[in-house]
Amino acid sequence: GVQTCALPIFNLAVALRRLTNQEVCLIDLDLQCGETPVFLDFKPLYTILDLCQGLASLDASFIKGALYAHSSGVHVLPAPLNLEDSETVTAAAFERILELLREMFPYIVIDTSAHLTETALVAVEQASSVYMLTDNMVSSVRALQRSLDTFSRLGIDSQAFRFVLSRSVGRS
């Protein structure tokens with residue numbers, strides 16, 4: 001996302017779960033400032049960091065045990081609890097985790113940070129749909145355009161991206 005939007009992303013995951021009656025996994029990929037546990041009012045036992053540290057023995061049962069099962073039916077993989085742990089989650093490790101999650105879940109919703117990290121680029125490159133959330137402030141729209149320009153320079157086709165106005169700011 002262009003801004004941290006954990007609640008709208010969670011609402012999207014819940015809507016997918018309800019509309020399809022299929023399993024949905026929400027990944028908080030805002031590795032430095034992920035707040036999904038705060039919004040959903042839970043204290044995670046495991047985070048994406050635990051999966052990265054157990055990468056050698058990672059399988060479906062290990063992953064399933066690390067996910068938080070929210071009462072909505074959405075399974076949540078939180079970001080690391082400590083800021084300094086964010087660098088431990090590498091793009092290669094996330095790619096492996098995502099590969100396994102794709103075998104387990106028909107729908108995976110990923111909330112990224114406002115910054116284009118290598119890990120976020122893995123998510124964008126492997127996504128079948130990309131929704132970029134923004135508001136109508138000039139600075140937000142410019143940030144969105146810079147992101148699209150970066151995707152273009154990296155050879156990522158953004159023609160199928162969808163843009164969602166998450167909130168309207170008056171006089172913008």
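These legends go with a set of close-up views of one predicted model.

**Figure 1. How sure the predictor is along the chain.** Averaged over the whole chain, pLDDT comes to 87, and 94% of the residues reach 70 or more. Element by element, strand S3 (residues 74-77) has the highest mean, at 96, while strand S6 (residues 162-167) has the lowest, at 79. Take residues 1-5 with some caution: pLDDT is below 50 there, although this stretch has 19 contacts in the model beyond near neighbours in sequence.

**Figure 2. The largest pocket, at about 820 Å³.** There are 32 residues lining this pocket, and Ile-108, Val-109, Ile-110, Ala-127 and Ser-129 are the closest to its centre. Six elements give two or more residues each to the lining: helices H1 (6-20), H5 (91-104), H6 (118-126) and H7 (138-153), plus strands S4 (107-112) and S5 (131-135). S4 gives the most, with five residues. As for chemistry, the lining of the largest pocket splits into 23 nonpolar residues, eight polar ones and one charged.

**Figure 3. The second largest pocket, at about 240 Å³.** Here 14 residues make up the lining, and the ones nearest the centre are Asp-30, Leu-31, Gln-32, Ser-113 and Thr-117. Sorted by class, the lining of this second pocket holds seven polar, five nonpolar and two charged residues.

**Figure 4. The buried residues of helix H6.** Look along H6 and you'll find Thr-119, Ala-120, Leu-121, Val-122, Ala-123 and Val-124 buried. What do the buried residues of H6 pack against? Their partners are strand S1 (24-29), H5, S4 and H7. H6 also turns up in Figure 2, as one of the elements giving two or more residues to the lining of the largest pocket.

**Figure 5. A salt bridge between Glu-23 and Lys-64.** The two side chains meet at 3.7 Å, N to O. This pair ties together distant parts of the chain: Glu-23 is in the loop between H1 and S1, Lys-64 is in helix H4 (residues 60-66), and they are 41 residues apart. Glu-23 has a relative accessibility of 27%, so it counts as partly exposed. Lys-64 is partly exposed too, because its relative accessible area is 40%.

**Figure 6. A salt bridge within helix H5, between Glu-99 and Arg-96.** Side chains of opposite charge can pair when their charged atoms come close. In this view the N to O distance is 2.7 Å. Glu-99 and Arg-96 are three residues apart in H5, so about one helical turn separates them. With 41% relative accessibility, Glu-99 counts as partly exposed, and Arg-96, at 30%, is also partly exposed. The count for the model comes to two salt bridges, and Figures 5 and 6 show them.

**Figure 7. Positive phi at Asn-21 and Asp-41.** Neither residue is a glycine, yet phi is near 55 degrees in Asn-21 and about 60 degrees in Asp-41. Asn-21 is in the loop between H1 and S1, and Glu-23 from Figure 5 is in that loop as well. Asp-41 belongs to the loop between helix H2 (36-40) and helix H3 (48-53). Are these two residues buried or exposed? Asn-21 counts as exposed because its relative accessibility is 64%, over the 50% cut-off. Asp-41 reaches 71%, so it counts as exposed too.

Terms used: Residues numbered from 1 in each chain as written. Predicted model: local features only at pLDDT ≥ 70, side-chain atom pairs only at ≥ 80, totals over all residues. Heavy atoms only, no water. 1 Å grid on protein atoms, 1.4 Å probe; cavity = no way out; pocket = protein on both sides within 12 Å on 5 of 7 lines; lining within 4 Å. Points joined across faces, edges and corners; volume = space filled by probe spheres on them. Helix = DSSP H or I, 4+ residues; strand = E, 2+ residues; numbered from the N terminus. Nonpolar A, V, L, I, M, F, W, Y, C, P; charged D, E, K, R; others polar. Buried < 20%, exposed > 50% of the residue type's maximum accessible area, 1.4 Å probe, protein only. Contact = heavy atoms within 4.5 Å. pLDDT = per-residue confidence, 0-100. Salt bridge = Lys/Arg side-chain N within 4 Å of Asp/Glu carboxyl O.
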